[in-house]
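This report looks at charged side-chain pairs and the setting in which they sit. Please keep the sequence and the model in view while reading.

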Amino acid sequence: MSAQIPGHPPGPQGFKQILDRALEEYTTITGTNLALDPLASKLRDANSISRVIEVYEDQLHRFKRFRGSGKKGKVITALKPVVEVTLALSGAGGILGDALGSAFPPAKAILGAIGILLQAAKKVSASYDALVGLFESISNFLEHLKIYTDRPHNSLAPRMSAILVKITVQMLSIFALATQQIRQGRLKKFAKTFLGLDPKIDDAVKALDKLTAEEQRVVAALTLWTVQGLAADMSKQRLREWLLPPDSSMNHNDTRRRHYEGTSTWLVKSSAFLEWKEQGSLLWISGKPGAGKTFLCSTVVEDLRNLPANPGVWKIYTAYFYCTFRDTEKQNIQGLLRSILHQLSAQSDTYFAILFHLFSEKYSGDPKVKPIDTDLVRYLKEMLKYSDGIPTYIIVDGLDECPNSGTTSERQAILKLLEDLVGLKLPALRLCVTSRPEDDIGSILRPLVSQHVALERSREQDEDIIQYIRSMIESHGKMRAWPVKTKEMVIGTLSENASGMFRYASCQLDVLC
């Protein structure tokens, strides 16, 4: 069974579909439909710990070999903590209770799966030692989940709800595989170190371990921020003082001010861009100097900023950075990371909590102790893993404007960062980079890109240049008075000689004015 929840954090209907698929897979593996099985139905109706344990004890008592052997007591002792947490999570309105209207309430499905597992063990007495170890291990995983008992699903952060659903799916997977193994007479021992297990059960238990660790990490970060009584505004100010991020908005606003209305829109309407926006990984926009890459980059940012206003579109996170020859702070990986981290943490409480936790943990929350590159890279990777499935867009313009001298150049450091981020294979992460098609950049980006827009081969770019030249002529008093033939000749000559470069056309028009 897969516990992965792709894309955006699902709402109640999405959770229901995931859990219903998990129940179907359980039936496929065990041959038992929990919704129809008499024992599972009996456990579904059990609403107290004592009643659930009574049903389990009845199953154990039916097998003579366990009467008076002491094994029954060990199994029940190991089961009680699992039953306590699972039953509590099924409370009215809880994310694992009846609120989702699933085919079988998720938490009760776990109780039913345990019952089927015990039933399967009736002919394999040696399996009971393995079951004791299995239940004890799962009990350790679930102990801290008591904090979520009887909480409505809409009171939990999307990330928490998603993790609880994943844990439920993983537990069903473990019990289904264990039932299958017992019926085949193969589950004879359970090693808490996960060594020597059937590979499938081994993988399933390890996945459960990772999920509970993930839940603890998010809770720890959020708790640090809220429970310690840190004032949000003060905390954000301290974080900003620590990061001292270069202001990318100045570059963006200046570019938008100089952007000619009507141009660049072809990019955000292109199939390459739309595919990247929905499910891409890395979009590379390459072009010669003066081709208008920065204007295209600003158009990408503006398009993404408007995205949440569109009907049916989930919230997104967007961070951008303009590399430039004119500002040394905007030519290196330090500046890029400090800017991106600041922008993302300002948009997401989860991102902020995680970053502030890391800042406090390593740098004691002291803004005067400045971060090193490797820590900033690690912090960005940590944050991006906890996006709640919400798409996170990172746009970097003018990578070629970062120095490429020395064995460890700033450009190579940023390229390595991009390579690492793509390697994380995070389904909600989207990267966009603009640059000249230089060999050192292309050699790294080409194997990574999911979409590539080459401006030197773009008919739409040429049409934008023609539109720009025509509009500039018609809006200028002197040029507007030219004869029609002269205007058409200038438009044709400049657009042809421009070879995709806006800057060439702009410079020539300045001369003609």
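How many salt bridges does a search of the whole structure find? The search finds 15. The model is predicted, and every value here is computed from it.

**The chain as a whole**

The chain has 513 residues, and 53% of them count as buried. Its secondary structure comprises 22 helices and five strands. Contacts reach far along the sequence. Take the contacts between residues at least 6 apart: 78% of these join residues at least 24 apart. The accessible surface of the chain is about 22900 Å². Carbon and sulfur atoms account for 51% of that surface.

**Three pairs**

Three of the salt bridges are set out below, each with the distance between N and O atoms.

| Salt bridge | N to O distance |
|---|---|
| Arg-338 and Glu-329 | 3.5 Å |
| Glu-382 and Lys-385 | 3.9 Å |
| Arg-411 and Asp-440 | 3.1 Å |

Start with Arg-338 and Glu-329, which form a salt bridge. Are the partners buried or partly exposed? Arg-338 has 10% relative accessibility, so it counts as buried. Glu-329 has 36% and therefore counts as partly exposed.

Glu-382 and Lys-385 come next, joined through their side chains. Here the acidic partner is the buried one: Glu-382 has a relative accessible area of 16%. Buried means under 20%, so Glu-382 falls below the cut-off. Lys-385, at 38% relative accessibility, is partly exposed.

**A bridge between helices**

In the third pair, Arg-411 meets Asp-440, with the closest N and O atoms 3.1 Å apart. Which helices hold the two residues? Arg-411 lies in helix α17, which covers residues 410-423. Asp-440 lies in helix α18, which covers residues 439-445. The two positions are 29 residues apart in sequence, so this pair ties together separate parts of the chain.

Burial applies to each partner in turn. Arg-411 is buried at 6% relative accessibility. Asp-440 is buried too, with a relative accessible area of 19%. That value is under 20%, which is why Asp-440 counts as buried and not as partly exposed.

**A network**

Salt bridges can also share residues. Which residues are linked in a network of salt bridges? They are Asp-254, Arg-257 and Arg-258. The network holds one Asp and two Arg residues.

How values were computed. Residues are numbered from 1 along each chain as its sequence is written. This is a predicted model: local features need pLDDT of at least 70, side-chain atom pairs count only at pLDDT 80 or more; totals for chains, interfaces and linings use all residues. Side-chain values use heavy atoms; hydrogens and water are left out. A salt bridge is a side-chain nitrogen of Lys or Arg within 4 Å of a carboxyl oxygen of Asp or Glu. Buried means under 20% relative accessible area, exposed over 50%, partly exposed in between (1.4 Å probe, protein chains only). Helices (H or I, at least four residues) and strands (E, at least two) are DSSP runs, numbered from the N terminus. Contact means heavy atoms within 4.5 Å. Accessible areas come from the Shrake-Rupley method with a 1.4 Å probe; for residues, only the protein chains shown count as cover.
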